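Subject: Structure for you to look at

Dear colleague,

I am handing over the structure we spoke about, with the sequence alongside. Please open it first, and then read the notes that follow below.

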Amino acid sequence: MVTDRCSRSKILWGGIIEEYRKFFPVTEKTPVITLQEGNTPLLKAVNLTKRLNIELDLFLKFDGANPTGSFKDRGMTLALSKAAEDNAKAVICASTGNTSAAASAYAARAGIKAIVVIPEGKIALGKLAQALMHGAHVLQLNGNFDEALNMVKEVVSNYPITLVNSINPYRIEGQKSAAFEICDQLGFAPRYHAMPVGNAGNITAYWKGYKEYKTEGIVSKTPVMLGFQAAGAAPLVNGKPIEKPETVATAIRIGNPASWKGAISARDESGGKIDAVTDEEILSAYKLIAANEGIFCEPASAASLAGVLKLYKQNYFEKGETVVCTLTGHGLKDPDNAIKVSGETIKVRAEFNEVKKVIERIL
Ligand SMILES: *Cc1c(COP(=O)(O)O)cnc(C)c1O
């Protein structure tokens with residue numbers, strides 16, 4: 001039999017459950033519901049560090065490159081696989097957007113119904129479009145995220161429906177795979193790991209992942225964990241819940257994080273920090289990453305770099321150390337916001353002369 005030389009029966013990357021199976025609570029009986037998530041780029045921020053004159057080995061883990069455009073896929077592959085194993089008929093979540101996009105996509109893949117409860121106020125249109133296209137039942141609540149979460153908790157205590165918010169332990173399990181990948185990509189654990197913090201599931205998951213790799217003897221050290229909240233939504237920094245959280249970074253607009261304790265443990269066990277960054281700092285980092293590194297992330301994602309830049313100015317880091325920033329979601333989720341923030345106006349019906357002027361200016 002003749003086969004083309006390019007044909008490989010092997011799947012190049014089977015998704016996080018296949019790749020890191022022994023770290024997850026799955027058996028041969030667990031149906032693997034996957035969109036081949038994970039294996040996202042870890043890019044050295046060569047241009048940013050040069051431009052800002054920063055003496056760090058700075059890396060960007062672009063988790064916006066996951067199938068639905070955010071790290072939520074890592075947790076959802078496991079949550080939906082376990083829901084399918086338990087013969088769940090429906091899953092439900094409260095979400096500011098990315099959780100609902102991922103839950104809807106993985107539920108569609110599993111042939112399970114999804115119900116999505118979104119808080120009132122601004123929701124990025126891309127995320128809403130995803131939930132609708134994947135066939136989820138979408139309901140907008142007259143209340144904020146925390147109230148939406150309380151409502152879905154009440155629903156699952158009364159109906160045989162699986163909750164897939166990050167209080168579902170399988171979400172945290174799946175999300176820890178990003179820490180494994182970073183170690184595998186670098187060849188060691190970074191000295192510092194920086195990330196945005198909203199509901200705090202992800203920082204809890206990364207810390208768990210790093211610790212497991214150390215326990216297994218795959219890495220010799222764990223990183224110092226740095227979490228960054230938006231100044232208008234910084235309950236962990238202020239030490240108490242916030243009733244009306246406000247920030248442009250809607251994915252981290254959360255006043256009472258579900259994984260509060262996990263975030264504090266990650267901070268204290270790793271000798272790290274949870275700090276706040278202003279919306280101005282977040283948007284500035286958002287633009288810097290896109291313009292200098294070719295990575296278009298969400299505003300919330302940029303809180304990680306904003307925080308690193310803030311701490312760098314305070315001489316927090318030892319020079320030359322390895323710092324990884326997680327960029328949690330894709331910028332295309334909210335193009336309206338991006339166009340607004342860019343401050344650019346597009347010249348309509350430009351004449352050749354105007355094109356020439358631009359060319360002369362930039363050459
Ligand atoms: C969910 C999300 C976050 C916050 O993660 P938590 O686990 O809630 O702390 C940050 N950025 C993006 C893009 C998200 O979707």
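Please keep in mind throughout that this is a predicted model. I begin with a sheet, which is open and consists of 4 strands in the order β5-β4-β3-β6, with parallel pairing. Its edge strands are β5, covering residues 137-140, and β6, covering residues 162-163, each of which pairs on one side only. Strand β3, made up of residues 90-94, pairs with β6 in the parallel sense over 2 bridges, and within this pairing Ile92 of the one strand has Leu163 in β6 as its bridge partner. As general background, the strands of a sheet pair through backbone hydrogen bonds, and they do so either parallel or antiparallel.

The second topic is the ligand. The space that the ligand takes up is the largest cavity, and there are 15 residues around the ligand, of which Lys72, Asn98, Gly198, Asn199 and Thr328 come nearest. Sorted by class, this shell holds 6 nonpolar, 7 polar and 2 charged residues.

Which atoms of the protein lie 2.6 Å, 2.8 Å and 3.2 Å from an oxygen atom of the ligand? For Lys72 it is a polar side-chain atom, at 2.6 Å from a ligand oxygen, whereas for Asn199 it is a backbone N or O atom, at 2.8 Å from an oxygen atom of the ligand. Gly201 likewise places a backbone N or O atom 3.2 Å from an oxygen atom of the ligand. Taken alone, the ligand would expose 380 Å², and the protein buries 95% of that area.

With best wishes

Conventions
Residues numbered from 1 in each chain as written. Predicted model: local features only at pLDDT ≥ 70, side-chain atom pairs only at ≥ 80, totals over all residues. Heavy atoms only, no water. Near = heavy atom within 4 Å. Polar contact = N/O pair within 3.5 Å; in protein donor to acceptor, adjacent residues only side chain to side chain. Areas by Shrake-Rupley, 256 points an atom, 1.4 Å probe, with all protein chains shown as cover. 1 Å grid on protein atoms, 1.4 Å probe; cavity = no way out; pocket = protein on both sides within 12 Å on 5 of 7 lines; lining within 4 Å. Sits in = over half its atoms within 2 Å of the grid points. Nonpolar A, V, L, I, M, F, W, Y, C, P; charged D, E, K, R; others polar. Pairing = 2+ DSSP bridges.
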